[in-house]
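Here is a friendly walk through the side-chain contacts of one protein chain. Take a look at the model first, and then we can go through it piece by piece.

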Amino acid sequence: IAYASIEANEKSLPHKLNQSELYIFVKGMGQLTIENHSYAIAAGHVILVPAGAKQFVTNLGKDRLEFYCIVNPPWSAEGEEII
């Protein structure tokens with residue numbers, strides 16, 4: 001389990017994982033892009049990203065976007081590709 005945050009008007013690096021990833025959003029609002037589809041996100045939303053899918057998170061709000069990531073099996077540098 002990892003805790004992450006993204007400042008206003010910023011986004012995470014596009015990446016792919018060999019594992020599935022569960023996002024649990026706890027503060028803020030934004031957008032999660034999985035492959036060619038974008039989903040509105042806000043505190044309380046939970047989204048599963050399948051293994052091998054290109055993904056990134058964008059903060060569209062004025063406040064910090066905060067969330068937890070659960071990767072199963074656990075994250076490893078060898079299992080992540082930054083795009």
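K11 lies over the face of F56, 5.1 Å from the ring centre; a charge counts as sitting over a ring if NZ of Lys or CZ of Arg is within 6 Å of the ring centre and within 35 degrees of the ring normal. Please keep in mind that this is a predicted model, in which local features need pLDDT of at least 70 and side-chain atom pairs count only at pLDDT 80 or more, while totals for chains, interfaces and linings use all residues. Residues are numbered from 1 along each chain as its sequence is written, and side-chain values use heavy atoms, with hydrogens and water left out.

**Aromatic rings**

F56 is also among the residues that L32 touches, and we will come back to that list below. First, the ring pairs. Rings of Phe, Tyr and Trp (its six-membered ring) pair if their centres lie within 6.5 Å; planes under 30 degrees apart count as stacked, over 60 as edge-to-face and the rest as tilted. By this rule there are four aromatic pairs. One of them joins Y23 and F67, a tilted pair with 5.6 Å from centre to centre and 55° between the planes. Y23 lies in strand β3 and F67 in strand β8, so this pair ties together parts that are 44 residues apart in sequence. Strands here (E, at least two residues) are DSSP runs numbered from the N terminus.

F25 pairs with F67 too: the ring centres are 5.4 Å apart and the planes stand at 50°, so this pair is tilted as well. With F25 in strand β3 and F67 in strand β8, the pair bridges 42 residues of sequence. Ring pairs thus link Y23, F25 and F67 into a cluster.

How buried are these rings? Buried means under 20% relative accessible area, exposed over 50%, and partly exposed in between (1.4 Å probe, protein chains only). Y23 and F67 are both buried; the value for F67 is 4%, and F25 is buried at 1%.

**The nonpolar core**

In soluble globular proteins, nonpolar side chains tend to be buried together. A nonpolar core is defined here as a set of buried Ala, Val, Leu, Ile, Met, Phe, Trp, Tyr and Cys residues joined through side-chain atoms within 4.5 Å. The largest one has 13 residues, and Y23, F25, L32, I41, V57 and F67 touch the most other members. At least two residues come from each of β3, β4 (29-34), β6 (46-49) and β8, and β8 gives the most, with three.

L32 shows what such a position looks like. Counting contacts as heavy atoms within 4.5 Å, and leaving out residues up to four places away in sequence, L32 touches Y23, H37, S38, Y39, I41, I47, V49, F56 and V57.

**Salt bridges**

Which charged side chains meet? A salt bridge is a side-chain nitrogen of Lys or Arg within 4 Å of a carboxyl oxygen of Asp or Glu, and the structure holds two of them.

| Salt bridge | N to O distance |
|---|---|
| E7 and R64 | 2.9 Å |
| K27 and E66 | 3.9 Å |

The K27 and E66 pair links strand β3 (residues 20-27) to strand β8 across 39 residues. K27 is partly exposed at 40%, whereas E66 is buried at 13%. E66 also touches Y3, A4, S5, I24, F25 and V26, in addition to K27, apart from residues up to four places away in sequence.

As for the other bridge, E7 is partly exposed at 42% relative accessibility, and R64 is partly exposed at 37%.

**N59 and G79**

E7 and R64 both turn up again around N59, a residue of strand β7 that is buried at 1% relative accessibility. Beyond four places in sequence, N59 is in contact with I6, E7, A8, N9, E10, M29, G30, R64 and L65. The side chain of N59 reaches the backbone oxygen of E7 at 3.3 Å, which falls under the polar contact rule (a pair of N or O atoms within 3.5 Å; within protein, one must be able to donate a hydrogen and the other to accept it, and residues adjacent in sequence count only if both atoms are side-chain atoms).

Where does G79 lie? G79 is in the loop between β8 and β9 (80-82), and at 4% relative accessibility it is buried. Its C-alpha atom is separated by 5.0 Å from that of N18, 61 residues apart along the chain. Leaving aside neighbours within four places in sequence, G79 is in contact with K16, L17, N18 and Q19.

Technical notes:
Helices (H or I, at least four residues) and strands (E, at least two) are DSSP runs, numbered from the N terminus.
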